[in-house]
Amino acid sequence: MMKIDKWEFDTAAQSRLEALTSIVSPTMEEMPMANHLRTQWGELTNQVKTDVMGNVYASLVGTHPLQVGMVAHIDTVALQITYIQHGGYLQFRCIGLRPHVLAGQPVSVLTANGVVQGVVGFDPTSQYGQPKGLIEDDLWIDLGVNSYKEVSALVQIGDLAVLTPRF
């Protein structure tokens, strides 16, 4: 078991942070992050448990009377594909974020056949800049293909997408 005398942000800490930010773990698909945390914490503690909801707990049992807890979400905000337009664009619903932050964002669509890259576009005739602001109906995901047939061969209704991880 590794003993930590002081906390430093060194090259190893930067590598750990980069690894954490690159894990794609959208809402409803949190296992990649949970597995990573179990592995990492298993190297630093003497007890790692997971409850029925998928929450991961790590403890240094019997080492000190002081107990410290760290609590964080292990999922990331996501988009769920709801419709494929005839021109090849994907409509979606937001899970855990507001649509006004999405215009122009690169996204990774998680499909049964792997990850497909896209970008969030918006209708320039929408209410952008108006009191209502952008809403989901004003936005779409563009995968760079031009037809319903091409897109539907890549993506299915219900697939999830995340903002493309960047460190």
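**Why the labels apply: loops, a patch and a pocket**

Met28 is found in the loop between helix 1 and helix 2, in a chain whose structure here is a predicted model.

Q: Why is Met28 called partly exposed?
A: Met28 has a relative accessible area of 48%, and since buried means under 20% and exposed over 50%, with partly exposed in between, Met28 is therefore partly exposed.

Q: What is notable about phi of Met28?
A: Phi of Met28 is near 80°, which is a positive value in a residue other than glycine.

Q: Why does Glu29 count as partly exposed?
A: Glu29, which is also placed in the loop between helix 1 and helix 2 (31-44), has 46% relative accessibility, and because this value lies between the limits of 20% and 50%, Glu29 counts as partly exposed. Along the sequence Glu29 and Asp75 are 46 residues apart, while in space their C-alpha atoms are 7.5 Å apart.

Q: Which residues line the second largest pocket?
A: The lining consists of Glu30, Met31, Ala34, Met53, Gly54, Asn55, His73, Ile74 and Asp75, and the pocket has a volume of about 190 Å³.

Q: What makes up the lining of the second largest pocket by class?
A: The lining has four nonpolar, three polar and two charged residues; Met31, Ala34, Met53 and Ile74 belong to the nonpolar class, Glu30 and Asp75 to the charged class, and Gly54, Asn55 and His73 to the polar class, in which Gly is counted.

Q: Why is Phe9 called exposed?
A: Phe9 sits in the segment before helix 1 (11-22), and its relative accessible area is 61%; because exposed means over 50%, Phe9 is called exposed.

Q: Which residues form a nonpolar patch on the surface together with Phe9?
A: Leu17, Leu20 and Phe167 form the patch with Phe9, and together these residues have about 410 Å² of accessible area. Residues of a patch need over 30% relative accessible area, a limit that Phe9 passes with 61%.

Q: How do you know that His86 is exposed?
A: His86, in the loop between strand 3 (78-84) and strand 4, has 65% relative accessibility, and because the cut-off for exposed is over 50%, the label follows. His86 and Ser147 are 61 residues apart in sequence, yet the distance between their C-alpha atoms is 6.2 Å.

Q: What makes Ala103 partly exposed?
A: The relative accessible area of Ala103 is 28%, and because buried means under 20% and exposed over 50%, Ala103 falls in between. Its place is in the loop between strand 4 (90-95) and strand 5 (106-111), and from C-alpha to C-alpha it is 7.3 Å from Leu139, with their positions 36 residues apart in sequence counted as separation.

Q: How many helices and strands does the chain have?
A: The chain has three helices and eight strands, which run α-α-β-β-β-β-β-β-β-α-β from the N terminus on, and of its 167 residues 28% count as buried.

Notes. Residues numbered from 1 in each chain as written. Predicted model: local features only at pLDDT ≥ 70, side-chain atom pairs only at ≥ 80, totals over all residues. Heavy atoms only, no water. 1 Å grid on protein atoms, 1.4 Å probe; cavity = no way out; pocket = protein on both sides within 12 Å on 5 of 7 lines; lining within 4 Å. Points joined across faces, edges and corners; volume = space filled by probe spheres on them. Patch = residues over 30% accessible without salt bridge, like charges linked within 9 Å, V, L, I, M, F, W, Y side chains within 5 Å. Areas by Shrake-Rupley, 256 points an atom, 1.4 Å probe, with all protein chains shown as cover. Salt bridge = Lys/Arg side-chain N within 4 Å of Asp/Glu carboxyl O. Helix = DSSP H or I, 4+ residues; strand = E, 2+ residues; numbered from the N terminus. Buried < 20%, exposed > 50% of the residue type's maximum accessible area, 1.4 Å probe, protein only.
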